[in-house]
Amino acid sequence: MKWTDNSTGESGFYIERAPSGTSSFTRVGTVAANIKTFTQSVAKGIYLYRVQAFNSGGVSAYSN
């Protein structure tokens, strides 16, 4: 997956995934600041992903 880095001063990004049709998101990865891609092998199915920037001050809102 890819996303646009609209953050400034982030330490990294949390990546979360949920099966389509649910709201049960689980953190599946963390990447460093300025990284804008994440690759993961998953079982067959449709999944929703969301990304959240973080730094020592806290976390951003989730991506859409």
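Is Phe13 buried or exposed? In this predicted model, Phe13 has a relative accessibility of 3%, so Phe13 counts as buried, because the cut-off for that word is under 20%. With that residue as a starting point, the surroundings can be explored step by step.

A good place to go next is the sheet. Four strands make up an open sheet, arranged in the order β2-β1-β3-β4 with antiparallel pairing. The edge positions are taken by β2 (26-32) and β4 (58-59); each has a single partner strand, so one side of each is left without a neighbour in the sheet. Between β1 and β3, which run antiparallel, there are eight bridges. Two examples show how residues line up across this pairing: Arg17 has Tyr49 in β3 as its bridge partner, and Tyr14 stands opposite Gln52 in β3. The pairing of β3 with β4 is also antiparallel and involves two bridges, with Gly58 in β4 serving as the bridge partner of Asn55. A hairpin connects β3 to β4 through two residues.

The nonpolar interior comes next. In soluble globular proteins, nonpolar side chains tend to be buried together. Here the largest nonpolar core has seven residues: Trp3, Phe13, Ile15, Val31, Phe38, Val51 and Ala53. Strands β1 (12-19) and β3 (47-55) each contribute at least two residues to this core. Ile15, one of the core members, gives a feel for the surroundings. Residues up to four places away in sequence aside, Ile15 touches a list of partners that includes Met1, Trp3, Val28, Val31, Phe38, Tyr49 and Val51.

Aromatic rings deserve a closer look. A pair of aromatic rings is described by the distance of the centres and the angle of the planes. Across the whole structure, two such pairs are found. Trp3 and Phe13 form an edge-to-face pair, with 5.7 Å from centre to centre and 65 degrees between the planes. This pair links distant parts of the chain, since Trp3 belongs to the segment before β1 and Phe13 to strand β1, ten residues apart. Trp3 is buried too, with a relative accessible area of 14%. The other pair, Tyr14 with Phe54, is stacked: the centres are 4.2 Å apart and the planes differ by 15 degrees. Here again distant parts of the chain are linked, with Tyr14 in strand β1 and Phe54 in strand β3, 40 residues apart. Tyr14 has a relative accessible area of 18% and is therefore buried, and Phe54, at 18% relative accessibility, counts as buried as well.

Rings also meet charge in this model. The charged end of Arg50 sits over the ring of Phe25, at 4.0 Å from its centre. Arg50 also lies over the face of Tyr62, 3.6 Å from the ring centre.

Finally, what about a polar residue such as Gln52 in strand β3? With 8% relative accessibility, Gln52 counts as buried, because buried means under 20%. A polar atom of the Gln52 side chain lies 2.9 Å from the backbone oxygen of Ser60. Neighbours within four places in sequence aside, the contacts of Gln52 are Gly12, Phe13, Tyr14, Val59, Ser60, Ala61 and Tyr62. Among them is Phe13, the buried residue with which the passage began.

Conventions: Residues are numbered from 1 along each chain as its sequence is written. This is a predicted model: local features need pLDDT of at least 70, side-chain atom pairs count only at pLDDT 80 or more; totals for chains, interfaces and linings use all residues. Side-chain values use heavy atoms; hydrogens and water are left out. A nonpolar core is a set of buried Ala, Val, Leu, Ile, Met, Phe, Trp, Tyr and Cys residues joined through side-chain atoms within 4.5 Å. Buried means under 20% relative accessible area, exposed over 50%, partly exposed in between (1.4 Å probe, protein chains only). Contact means heavy atoms within 4.5 Å. A polar contact is a pair of N or O atoms within 3.5 Å; within protein, one must be able to donate a hydrogen and the other to accept it, and residues adjacent in sequence count only if both atoms are side-chain atoms. Rings of Phe, Tyr and Trp (its six-membered ring) pair if their centres lie within 6.5 Å; planes under 30 degrees apart count as stacked, over 60 as edge-to-face and the rest as tilted. A charge sits over a ring if NZ of Lys or CZ of Arg is within 6 Å of the ring centre and within 35 degrees of the ring normal. Two strands pair if DSSP finds at least two bridges between them.
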